[in-house]
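Visitor: Could you walk me through this structure and tell me how you know what you say about it?
Guide: Sure, let's look at it together.

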Amino acid sequence: MTRVLSGVMLLALTVFVFWGLPPWGTQAFAFVALVLALREYDNLVRRGGLDIVRGVGPALSIGMYGVLTFHLPAHHWLLVSGVAVGGALVLRGRVPAQATAVAAAMLFPVVYLGMGIATVPLVREAYGAPALMTLFLTQIGSDTAQYYTGRTFGRTPLSLALSPKKTREGAVGGVIAGALVLVGFGRVWLPGIPAWQLALLGVGVAVVGILGDLFESMLKRSADVKDSSDLIPGHGGMLDRIDALLFTMPLFYVTLQWLWAAGPSA
């Protein structure tokens with residue numbers, strides 16, 4: 001019951017922010033999610049035994065979020081980030097174990113979280129709240145179908161090492177649901193995109209979402225924790241809640257630029 005209530009409240013809040021507030025509301029909402037996710041990521045990395053320079057990765061990730069939302073060149077910030085990470089490790093003055101892994105762990109959230117979460121306000125700004133809700137509802141539909149299909153028909157583990165409870169049968173159910181939901185809402189909220197392209201996008205969103213989920217599971221297992229935090233009752237942490245979206249949002253944003261270049265004004 002706690003999980004259901006938390007989920008309903010989160011969905012209501014998300015719909016209100018996306019539909020009821022102007023674009024700055026989505027920017028602020030996504031920024032809060034970014035800060036919370038960065039805190040959890042930082043904790044996972046340190047629990048995994050990597051001796052990172054605290055604060056550098058989060059600062060660079062927040063900088064990337066600002067660069068993208070203000071439509072500045074992202075590759076410039078990536079160049080700056082690489083130099084900043086290397087410089088911070090040198091200035092700290094000691095040799096960490098697994099130095100390359102430490103440097104990578106400090107740089108990775110710039111792309112994974114800074115760029116990934118920035119695509120939420122970018123989609124809202126370019127394609128409107130309906131487009132954003134189309135993805136969120138597709139993700140919810142796919143996740144729900146994975147869960148119930150897996151419970152009903154699941155026999156074969158999808159990835160025993162990363163997430164023993166996920167099954168191939170559940171994944172198939174999630175992919176089918178992803179295609180159906182995206183076609184259903186896309187025909188109304190993404191007008192002009194053929195149904196077969198929406199279906200393919202739905203399949204892509206479902207598959208990439210499963211990869212995002214498994215990737216976050218891998219991060220948690222490397223840190224030997226069940227949840228990224230206890231922030232959301234019944235759901236775990238912010239990373240647990242947005243793990244699939246961190247992979248699907250960039251895919252959705254880039255694909256819309258190809259399939260729906262004219263946007264809602266067409």
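Guide: One definition before we start: contact means heavy atoms within 4.5 Å. Also keep in mind that this is a predicted model.

Visitor: Okay, which residues of α4 and α5 meet by that rule?
Guide: On the α4 side there are Ala74, Trp77, Leu78, Ser81, Gly82, Val85, Ala88 and Leu89. On the α5 side there are Val102, Ala103, Met106, Leu107, Val110, Val111 and Met115.

Visitor: What makes residues of this contact nonpolar, polar or charged?
Guide: It goes by residue type: Ala, Val, Leu, Met and Trp are among those that count as nonpolar, while Gly is among the polar ones. Sorted that way, the contact of α4 with α5 has 13 nonpolar residues, 2 polar and no charged.

Visitor: Why are α4 and α5 called roughly antiparallel?
Guide: Helix α4 covers residues 74–92 and helix α5 covers residues 99–153, and they pack at an angle of about 150°. Angles over 145 degrees count as roughly antiparallel, so α4 and α5 get that label. Their axes are 9 Å apart, and the crossing is right-handed.

Visitor: And how do you know how α2 and α3 are arranged?
Guide: Use the angle again: the axes of α2 and α3 cross at roughly 160° and come within 10 Å. The cut-off is over 145 degrees, so α2 and α3 are roughly antiparallel to each other. This crossing is right-handed. Thr26, Gln27, Ala30, Phe31, Leu34, Val35 and Leu38 of α2 meet Pro58, Ser61, Ile62 and Tyr65 of α3. By class, that makes 8 nonpolar, 3 polar and no charged residues.

Visitor: Then why are α6 and α7 called oblique?
Guide: Helix α6, residues 168–189, and α7 cross at roughly 140°, with axes that come within 7 Å. An angle has to be over 145 degrees to count as roughly antiparallel, and 65 to 115 is the range for roughly perpendicular. The α6 and α7 pair fits neither and is therefore oblique. α6 passes α7 in a right-handed crossing. Residues in the contact include Gly174, Leu182 and Arg187 of α6 and Leu198, Gly202 and Ile210 of α7. The classes there come to 14 nonpolar, 4 polar and 1 charged.

Visitor: What makes a group of residues a nonpolar core, and which members touch the most others here?
Guide: The members must be buried, of certain types such as Ala, Leu or Met, and joined through side-chain atoms within 4.5 Å. The largest nonpolar core has 59 residues, and Met106 and Leu113 touch the most other members. α5 supplies the largest share of this core, 18 residues. Looking beyond residues up to four places away in sequence, Met106 touches Ile52, Val53, Val56, Gly57, Val85, Ala88 and Leu89.

Visitor: How do you know whether threonine 14 is buried or exposed?
Guide: Threonine 14, in helix α1, has 10% relative accessibility. Buried means under 20%, so threonine 14 counts as buried. Leaving aside neighbours within four places in sequence, threonine 14 is in contact with Phe29 and Phe136.

Visitor: What about glutamine 146, is that one buried or exposed?
Guide: Glutamine 146 is in helix α5. With a relative accessible area of 12%, glutamine 146 falls under 20% and is therefore buried. Not counting residues up to four places away, glutamine 146 touches Lys166, Gly170, Ala171, Gly174 and Ile210.

Visitor: Why is leucine 11 called partly exposed?
Guide: Leucine 11, also found in helix α1, has 35% relative accessibility. Partly exposed lies between the 20% and 50% cut-offs, so the label fits leucine 11. Glycine 55, in the loop between α2 and α3, has a relative accessible area of 38% and is therefore partly exposed too.

Visitor: And what makes histidine 71 exposed?
Guide: Exposed means over 50%, and histidine 71 has a relative accessible area of 52%, so histidine 71 is exposed. Histidine 71 lies in the loop between α3 and α4. Its phi is near 60°, a positive value in a residue other than glycine.

Visitor: How do you know about glutamine 98, buried or exposed?
Guide: Glutamine 98 has 55% relative accessibility and therefore counts as exposed. The place of glutamine 98 is in the loop between α4 and α5, and its phi, near 55°, is positive.

Definitions and conventions
Residues are numbered from 1 along each chain as its sequence is written. This is a predicted model: local features need pLDDT of at least 70, side-chain atom pairs count only at pLDDT 80 or more; totals for chains, interfaces and linings use all residues. Side-chain values use heavy atoms; hydrogens and water are left out. Axes are lines fitted to C-alpha atoms, for helices over the stretch in contact, and angles run from 0 to 180 degrees between N-to-C directions. Helices (H or I, at least four residues) and strands (E, at least two) are DSSP runs, numbered from the N terminus. Angles under 35 degrees count as roughly parallel, over 145 as roughly antiparallel, 65 to 115 as roughly perpendicular and the rest as oblique. A crossing is left-handed if the near helix is turned anticlockwise from the far one by less than a right angle, and right-handed if clockwise. Buried means under 20% relative accessible area, exposed over 50%, partly exposed in between (1.4 Å probe, protein chains only).
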